[in-house]
Amino acid sequence: MARGRRERRILVVTGTVAFVAIGLKLLVSAIKAHKQIRRKKPDVPGSSVLVNLSASEIQRLTDQIIAKSKEVYDLVASVPLEKVSYTNVIAPLAELEAYQFSSVQSCVFPKMVSTSNDIRKASEEAESRLNLHFLTCRKREDVYRVIKAFADRGEWLGYEAKRYTQCLVKEFERNGVNLTPSKKKELENLGARIEELSLQYVQNLSMDNSFLLLGEPELAGMPSQFIKSLEKTEDGKLKVFLRSHNVTPILEHCKIRATRRSIAVAYGQRCGKENLDILEKLVRIRHKYAQLLGYSNYAEFTLESRMARTSEKVFEFLEDISENLSDLAMEELNVLKHLKRREDGDSPFGMEDLLYYMRRAEEQHLDLDLGEVKQYFPVNLVMSGIFKIFQDLFGIRIEENKDVEVWHETVCLFSVTDVSSNELLGYFYLDIHSREGKYAHTCVLALQNGNLSSNGTRQIPVALLLSQCPKQIDDNPVLLRFSEVVTFFHEFTHVVHHICIRATFSRFSGLRLDADFIEVPSKLLENWCYESISLKIMSGYYQDITKSVTSSMCTSLRRKRDLFSGLRLKQEVLLCLIDQFIHSSENVDILELLKHLHPKVMLGIPLLEGTNPASCFPQIVIGSEAVCYSYIWSEVVAADIFAAKFQEDLLNQYAGLQFRNKVLAPGGAKDSLEILSDYLGREPAIHSFIESKTRNSL
């Protein structure tokens, strides 16, 4: 037994550290390249991220990255097939990924944060060049042949090294490297056509300027501020453009049912025939693309690396969710129908009534003023409260690093240290205040991935949290809407996840993990935003921060989250089913499918006549094609973990450390389902998710 353990230790070391001469050469080259780039303030120990590159420096560093990458790929490709080994094939590629990631991000992230148009443009050009270069690398048949020769030898490696090798092989094969030249060309043409059609679909929606002309009486119930925001025509009509910021308020507040219906129908008809034609072409081409690569359909191609694995599993999951929510959703629908009968008689309940009567029911069942709630969440207090919760839960210490180089005076850098060992785990930048030219949404970027280097030392991760909070004016604190508090908490979980990963390989250490899994930690931690003990830690009345949100506010916020969750989820399930059907079958009549599924899933409510949600559903085209189910999947897993491990004691550090070490730390080094099954002692189940939705039913 002792000898077996010793042999395994030797093999793990061989598979993760012995990058030898080539790895050392790469490291030296990376260090030299970085020294050529100017720095104005002391280096951040352990970070290779360059935060203030000029446009010319971005261009020069991009050239260096491409040249070094080509050099290593050429070197690997030159290895004779009979002499392939881990050291001369896999290790150089792993080392290249590890030490070039931060350089790549140094070139790419300025497009999201820089105040300079020239720098943003240079960064965008760098990203385009690098994407094209790396795609070319992943299609190199000479490199694939060498990697495959090593993989086929079946040499015993440590688990993570073996997984990394398998990922390399699969990545090349999914890019068509083992196809014949004619099929490679066909695949390339199909890929270009997919990109072209996807862009056309999205552009059609973004450029659509359709509107309805309505008289003010037709907008009865709308706030006066909304009415004033609308453009007036010469004959006194109000021009209502069919954009979500107009449509949603009308569907929620307008008392005139005919107006709600006309708005809902017009909104659902946007780009109708044109985008439906594009989507049908797109689906056919995607199927051809997947079949060229040896898959039966596009869904099979997309799901291969996810927890769900197959379309059958996705359909089973969605139908299980829908069926288990039916009683709750019907109870909710009956409440809305009762309200409608009282206000509008016995006319049939339609989709145009859903949001309006949900809001009316909320007014009756909730005593909650979100404007008042906002006064309890000054941004600085929220952030310090979030830091405290994560420190207490995960056994980490967060400290600001002063006098370091940043790209804007409002940006701060923080270090994260393990409390028990005092080991530096990583860094994160906070760039949360709005300014011209900055990326407009809240998100997290990995700037440097963690990994175990060739000399046995650990390269630490570095993350960036971006947001768009207004700047503080005078002594008036910046206040966050409660939805923004939840978003901050969600995104900061991604930061902590990134920093806590302890994988050996850079590829398994970033935020590009299994997409069925990457949102699980953040969806789990969102629960802390609805519990009194944690809400009171990160809240305080802006005029007297010793006064936190009240317990009744906390209860109402949780109740608001869960109110009508059955009906809301049914709508999500419907779109997920459409997505899965069209990407797992050929020649689907999308409109007929919608007409059939809509009343079945939505408890008898028919599809609005003349509308086609598939024509104005961009997620089905770019970003979530064949995987729209994934976010619900993450919610289900998160609910199961919360109920099993945290619900009884939200600040239990033992439970937090177990989660950190067993779920966060592996990153992508292990199969996601295996990680969760080991942690829970079983596969994740849906019962806790369903129970959490029905617990606060009307």
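How many aromatic pairs does the structure hold? In this predicted model, the count comes to 33 aromatic pairs. Let us walk through some of them, and then turn to charges over rings and two backbone angles.

**Aromatic pairs**

One of the pairs joins Phe349 and Tyr357, with 6.4 Å from centre to centre and 45° between the planes, a tilted arrangement. Both partners can be placed by their accessibility. Phe349 has a relative accessibility of 10%, so this residue counts as buried, the limit being under 20%. Tyr357, at a relative accessible area of 2%, is buried as well.

Phe377 and Phe482 make another tilted pair, because their ring centres lie 6.0 Å apart with the planes at 55°. Here the contact links distant parts of the chain, as 105 residues separate the two. Phe377 sits in the loop between helix H17 (370-374) and helix H18 (379-394), while Phe482 belongs to helix H19 (residues 482-500). Phe377 and Phe482 are both buried.

Ring pairs also build a cluster, and its members include Phe387, Phe390, Phe394, Phe414, Phe428 and Phe489. Phe492, Trp528, Phe642, Phe646, Phe659 and Tyr679 belong to that cluster too.

**Charges over rings**

Which ring has Arg260 over its face? That ring is Tyr356, and Arg260 lies 4.2 Å from the ring centre. In a second case, Arg270 lies over the face of Tyr267, at 3.8 Å from the ring centre.

**Positive phi outside glycine**

Two residues other than glycine are worth a look for their backbone angles. Cys271 has a positive phi, and Asn587 has a positive phi too. The table sets out their values.

| Residue | Phi | Loop between |
|---|---|---|
| Cys271 | near 50° | helix H12 (257-268) and helix H13 (272-292) |
| Asn587 | near 55° | helix H23 (565-584) and helix H24 (590-601) |

Is each of these loop residues buried or exposed? Cys271 has 14% relative accessibility and therefore counts as buried. Asn587, with a relative accessible area of 71%, is exposed.

**The annotated span**

Finally, a word on the database record. An unreviewed UniProt entry lists residues 251-692 as "domain: Peptidase M3A/M3B catalytic". In the model, this span is 52% helix and 9% strand. The C-alpha atoms at the ends of residues 251-692 are 27 Å apart.

Key. Residues are numbered from 1 along each chain as its sequence is written. This is a predicted model: local features need pLDDT of at least 70, side-chain atom pairs count only at pLDDT 80 or more; totals for chains, interfaces and linings use all residues. Side-chain values use heavy atoms; hydrogens and water are left out. Helices (H or I, at least four residues) and strands (E, at least two) are DSSP runs, numbered from the N terminus. Buried means under 20% relative accessible area, exposed over 50%, partly exposed in between (1.4 Å probe, protein chains only). UniProt positions are given in the numbering used here, feature names are shortened, and annotations may be inferred rather than shown by experiment. Rings of Phe, Tyr and Trp (its six-membered ring) pair if their centres lie within 6.5 Å; planes under 30 degrees apart count as stacked, over 60 as edge-to-face and the rest as tilted. A charge sits over a ring if NZ of Lys or CZ of Arg is within 6 Å of the ring centre and within 35 degrees of the ring normal.
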